[in-house]
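Colleague: Hey, got a minute to walk me through this one? I'd like to start with the ligand.
Modeller: Sure, here it is.

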Amino acid sequence: MNIILLGPPGAGKGTQAQRLQAERGMVQLSTGDMLRAAVAAGTPVGLKAKAVMDAGQLVSDDIMIALISDRLEQPDAKGGVIFDGFPRTTAQAEALDAMLAEKGLKLDSVVELTVDENALVERVTGRFSCAKCGAGYHDRFKQTRVAGVCDACGSTEFKRRPDDNEATVRQRMAEYHEKTAPISNYYADKGLLKRIDGMADMDKVHADLAAILNAG
Ligand code: AP5
C-alpha cells in the first residue's frame, strides 16, 4: 500500500508516518529528512538545498523528483511507502504519477491532515528530536518519559531544526498555501483524497488514519 500524507508544517505528517512505519513495516519517505541528511553530509544536493530550507522556501522540483525517483529504486520501497512531504507542487504530483506507473506501483490513498493554523507555530517551535535515533518529541505535547532521556534509545542528546523558528514557519506556511494546497484538488479529482482532523490528539489521528488504511 502506498499513501501520501498532506498537510502544512506541523500538521503531524512525520509523527504519524513514524508510527505507521513502526507498526506496519511501511517505509516513511520524508523528503525533509532526506534533504537534511544531504545537508549534513555536504553533498551537492545538500549544498544547494540548505539556504533554501533555512529561508522556508521550496527546493526546486527537478532536485526533489530526482531524489524520490532514486529512492523508489531501492528494494524496501516495494513493500509500501508513506510519502511525507512529497509531492509539494503540481509538477511533483504529476511526476510521481509517472514514476509509479513506470514501476508498476499505484497510489492507494492521499490523506490530508486538516489543522487550525494558529496552533501550528507552537507545534513546530516546540518540536525536538533524538540526535541518535531521530524519535520525535515536543516540549508540551510529547515529552520524554524521563526528562532528558530518549524513550526509544536512551540517548541524552537532542536536536532542534534550524527552520523551526517562528519567522521561518510562517514563510513555510505561505509556501504551503501558494504551492502545495492546490494539489489537494489534484487528488480529489482522482477520487483519492481523504481528510482527517489533525487537531485531535495523536492517538485519535492515528486511529483515523489506520481506519482509512484498513478499509483500503
Ligand atoms: P519538511 O521536513 O517536510 O517539513 P514540513 O512539511 O514543514 O513539515 P514538518 O516536518 O514541519 O511538520 P510535520 O507535519 O511532519 O509535523 P510533525 O509530525 O513533526 O520540509 C522541510 C523543508 O525541506 C521545506 O521547508 C522545504 O524547504 C524542503 N522540502 C521538503 N520536501 C520538499 C519537496 N517535496 N519539495 C520542495 N522542497 C521540499 O509535528 C510537529 C510537532 O507537533 C511535533 O513536535 C509533534 O510532537 C507535535 N504534534 C504532532 N501531532 C500532534 C497532535 N495531534 N497534537 C499535538 N501535537 C502534535
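Colleague: Which ligand atom does the backbone of A11 lie 3.2 Å from?
Modeller: An oxygen atom: a backbone N or O atom of A11 sits 3.2 Å from that ligand oxygen. Keep in mind that this is a predicted model.

Colleague: And what does V59 do there, with a polar backbone atom too?
Modeller: A polar backbone atom of V59 is 3.1 Å from a nitrogen atom of the ligand.

Colleague: OK, those are backbone atoms. What about the side chain of R88?
Modeller: An N or O atom in the R88 side chain comes to 2.5 Å from an oxygen atom of the ligand.

Colleague: How much of the ligand does the protein bury?
Modeller: The protein buries 95% of the 1100 Å² that the ligand exposes when taken alone.

Colleague: Wow. How many residues surround the ligand?
Modeller: There are 33 of them, and T15, Q57, R88, R127 and R172 are the closest.

Colleague: What classes do the residues of that shell fall into?
Modeller: You get 13 nonpolar residues, eleven polar ones and nine charged ones.

Colleague: Which element gives the largest share of the shell?
Modeller: Helix 2 does, with four residues. Helix 1 (13-24), helix 2 (31-41) and strand 6 (136-138) each put at least two residues into the shell.

Colleague: Let's zoom out. How many helices and strands does the chain have?
Modeller: Nine helices and eight strands. With a radius of gyration of 17 Å, close to the 17 Å that the globule rule gives for 216 residues, the chain is as compact as a globular protein of that length.

Colleague: What box do the C-alpha atoms fill?
Modeller: Roughly 45 × 40 × 35 Å, taken along the principal axes.

Colleague: And how much of the chain is buried?
Modeller: Buried residues are 46% of the 216 in the chain. As for the accessible surface, the chain has about 10500 Å², and 51% of that belongs to carbon and sulfur atoms.

Colleague: What about contacts between residues at least 6 apart in sequence?
Modeller: Of those, 69% join residues at least 24 apart.

Colleague: Last topic: where does R170 lie?
Modeller: R170 is in helix 7, which covers residues 166-180.

Colleague: Why does R170 count as partly exposed?
Modeller: Because its relative accessibility is 46%, and partly exposed runs between the 20% and 50% cut-offs.

Colleague: How far apart are R170 and T43?
Modeller: In sequence R170 and T43 are 127 residues apart, and in space they are 28 Å apart, C-alpha to C-alpha.

Methods. Residues are numbered from 1 along each chain as its sequence is written. This is a predicted model: local features need pLDDT of at least 70, side-chain atom pairs count only at pLDDT 80 or more; totals for chains, interfaces and linings use all residues. Side-chain values use heavy atoms; hydrogens and water are left out. A residue is near a molecule or strand if one of its heavy atoms lies within 4 Å of it. A polar contact is a pair of N or O atoms within 3.5 Å; within protein, one must be able to donate a hydrogen and the other to accept it, and residues adjacent in sequence count only if both atoms are side-chain atoms. Accessible areas come from the Shrake-Rupley method with a 1.4 Å probe; for residues, only the protein chains shown count as cover. Ala, Val, Leu, Ile, Met, Phe, Trp, Tyr, Cys and Pro count as nonpolar, Asp, Glu, Lys and Arg as charged, and the others, Gly among them, as polar. The radius of gyration is taken over C-alpha atoms; the globule rule is 2.2 Å times the number of residues to the power 0.38. Buried means under 20% relative accessible area, exposed over 50%, partly exposed in between (1.4 Å probe, protein chains only). Contact means heavy atoms within 4.5 Å.
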